[in-house]
Amino acid sequence: MAVSQDDKSLLAIYRNADTREQGFTLIIRKYQERLYWHVRRLVIDHDDANDVLQNVFIKVWKNLEGFREDAQLYTWLYKIATNESLTFLEQQKRKQSVSLTDVESGLSNKLKADAQFDANKLEWKLQRAILQLPEKQRIVFNLRYYDEMPYEQMSKVLDTSEGALKASYHHAVKKIEEYIKNS
């Protein structure tokens with residue numbers, strides 16, 4: 001079966017007791033790369049992103065049967081991935097009993113430790129600039145810039161008004177521009 005099937009078809013395959021696991025596998029195949037990069041941009045480290053993504057899929061497996069299709073499957077999955085990423089970052093903060101600034105500094109150090117890291121390349125400057133953003137702005141920026149998610153959909157993922165999201169994105173862009181200009 002093709003991975004490019006629409007969500008309704010995939011959910012129908014999942015909801016059939018005989019093809020439930022196959023349906024779940026097809027849903028994972030369709031969305032795992034997009035979800036991985038969404039999570040990775042939030043937690044930075046590859047291994048951490050894989051751990052979070054595994055938790056996302058466990059939660060999806062446990063809750064997919066109750067998915068009512070009020071929202072798009074994609075939106076529902078992103079909401080779970082975002083919440084799991086935030087939970088992971090919060091646990092990191094508590095585990096280290098340090099401030100969020102220290103966690104963000106640790107994320108920045110993980111970025112610099114990447115074998116491909118080159119501080120002079122614009123893409124790395126952008127990544128460092130994004131890490132300087134407050135958590136909410138970082139999430140909004142990533143969803144809009146990398147995932148090209150419309151504000152309407154983002155509003156459902158983050159339970160925030162479109163106006164607040166547009167303001168967060170605008171502020172994030174200004175901070176990133178300023179960071180890049182001065183670094």
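**Notebook: salt bridges, a helix and a core**

**Entry 1, D7 and its partner.** I began with D7, which counts as buried at 17% relative accessibility. I call a residue buried under 20% relative accessible area, exposed over 50% and partly exposed in between, with a 1.4 Å probe and protein chains only. A word on what I am looking at: this is a predicted model, where local features need pLDDT of at least 70 and side-chain atom pairs count only at pLDDT 80 or more, while totals for chains, interfaces and linings use all residues. Residues are numbered from 1 along each chain as its sequence is written, and side-chain values use heavy atoms, leaving out hydrogens and water.

Which side chain meets that of D7 in a salt bridge? I found K30, at 2.9 Å from N to O. A salt bridge here is a side-chain nitrogen of Lys or Arg within 4 Å of a carboxyl oxygen of Asp or Glu. The two residues are 23 apart and link distant parts of the chain, with D7 in helix α1 (residues 7-15) and K30 in helix α2 (residues 20-43). Helices are DSSP runs of H or I with at least four residues, strands are runs of E with at least two, and both are numbered from the N terminus. Unlike buried D7, K30 is partly exposed, at 25% relative accessible area.

**Entry 2, other salt bridges.** I counted 11 salt bridges by this rule. One of them joins K8 to E69, with the closest N and O atoms 3.2 Å apart. K8 sits in helix α1 and E69 in the loop between α3 (46-63) and α4 (73-96), so this pair spans 61 residues and also links distant parts of the chain. K8 is exposed at 59%, and E69 is partly exposed at 31%.

I then looked at K156 and E152, whose salt bridge has an N to O distance of 3.9 Å. They lie about one helical turn apart because 4 residues separate them in helix α8 (residues 151-158). K156 is partly exposed, at 43%. Back at K8, I noted that shared partners in salt bridges join K8, R15 and E69 into one network.

**Entry 3, helix α9.** This helix covers residues 162-182, 21 in number, and reaches 30 Å from its first C-alpha to its last. That is close to the expected 30 Å, taken as 1.5 Å times one less than the number of residues.

Where do its buried residues lie around the axis? I listed L165, S168, Y169, A172 and I176 as buried. They are on the same side of α9, because they cover an arc of only 100° around the axis, judged by the directions from the helix axis to the C-beta atoms. K181 and N182 are exposed on the other side.

**Entry 4, the core.** In soluble globular proteins, nonpolar side chains tend to be buried together. I looked for a nonpolar core, meaning buried Ala, Val, Leu, Ile, Met, Phe, Trp, Tyr and Cys residues joined through side-chain atoms within 4.5 Å. The largest has 48 residues, and I27, L64 and L73 have the most contacts inside it. Several helices give two or more residues to this core, among them α1, α4 and α9; α2 gives the most, with 10.

**Entry 5, R41.** Helix α2 also holds R41, buried at 12%. Its side chain makes a polar contact with that of D147 at 2.7 Å. A polar contact is a pair of N or O atoms within 3.5 Å; within protein, one must be able to donate a hydrogen and the other to accept it, and residues adjacent in sequence count only if both atoms are side-chain atoms.
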